[in-house]
Amino acid sequence: MIGLSSEPERLACSRAGCSVTADFRIEWRNPKIHSADRVKVWLACAEHREYLENFLSSRDFPVNVVQLSPEDAP
Ligand SMILES: [Zn+2]
């Protein structure tokens with residue numbers, strides 16, 4: 001799981017079993033349980049970005065994919 005503020009963010013892919021450094025941040029929420037200002041964040045490597053994005057969009061969740069720049073790394 002991704003920590004919110006104080007936890008040092010580990011920039012690894014959120015796909016189960018994948019520990020590759022993430023290149024993308026996937027921002028999403030479940031409109032049924034999350035309010036409009038609530039955003040969940042997954043991290044994805046290039047290989048799993050499409051998988052995770054499709055996983056969310058197939059459930060009609062709003063999805064926003066942001067490419068991480070190297071300057072964002074801790
Ligand atoms: Zn991955």
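Let's start with Ala-22 and what surrounds it. Setting aside neighbours within four places in sequence, Ala-22 is in contact with Leu-11, Ala-12, Cys-13, Leu-43, Ala-44, Cys-45 and Leu-68. Please keep in mind that this is a predicted model. Ala-22 sits in the segment before S1. One of its contacts, Leu-11, is 11 residues away along the chain, yet the two C-alpha atoms are separated by 5.6 Å.

Is Ala-22 buried or exposed? Buried, because 25 C-beta neighbours fall inside 10 Å, and the cut-off for that label is 20 or more.

That brings me to the core. Ala-22 belongs to the largest nonpolar core, which has nine residues in all: Cys-13, Ala-22, Ile-26, Trp-28, Trp-42, Leu-43, Ala-44, Leu-52 and Leu-56. Which elements supply at least two residues each? Those are S1, S2 and H1. The top contributor is S2, with three residues.

Ile-26, another member of this core, is worth a stop. Not counting residues up to four places away in sequence, Ile-26 touches Val-41, Trp-42, Ala-44, Leu-52, Glu-53, Val-63 and Val-65.

Now for the sheet, if you'd follow me along the strands. There are three of them in an open sheet, ordered S2-S1-S3, and the pairing is antiparallel. Strand S2, residues 40-44, and strand S3, residues 63-67, are the edges, each pairing on one side only. From one strand to the next, the twist averages 25 degrees.

Let's look at S1 with S3. Strand S1 covers residues 24-28 and pairs with S3 in the antiparallel sense, over five bridges. And which residue of S3 is the bridge partner of Trp-28? It is Val-63. Trp-28 turned up a moment ago as well, in the nonpolar core.

Next, the helix. H1 spans residues 46-57 and lies across S1, S2 and S3. Relative to S3, helix H1 runs at about 160 degrees.

I'll finish with a residue in the loop between H1 and S3, namely Asp-60. Most residues other than glycine have a negative phi. Asp-60, though, has a positive phi, near 65 degrees. As for its surroundings, Asp-60 counts as exposed because just 10 other C-beta atoms lie within 10 Å, where the cut-off is 12 or fewer.

So, to recap with two residues side by side: Ala-22 is buried, whereas Asp-60 is exposed. Thanks, everyone, and I'm happy to go back to any of these views.

Methods:
Residues are numbered from 1 along each chain as its sequence is written. This is a predicted model: local features need pLDDT of at least 70, side-chain atom pairs count only at pLDDT 80 or more; totals for chains, interfaces and linings use all residues. Two strands pair if DSSP finds at least two bridges between them. Helices (H or I, at least four residues) and strands (E, at least two) are DSSP runs, numbered from the N terminus. Axes are lines fitted to C-alpha atoms, for helices over the stretch in contact, and angles run from 0 to 180 degrees between N-to-C directions. Two residues are in contact if their C-beta atoms, placed from the backbone, lie within 7 Å. A nonpolar core is a set of buried Ala, Val, Leu, Ile, Met, Phe, Trp, Tyr and Cys residues joined through C-beta atoms within 7 Å.
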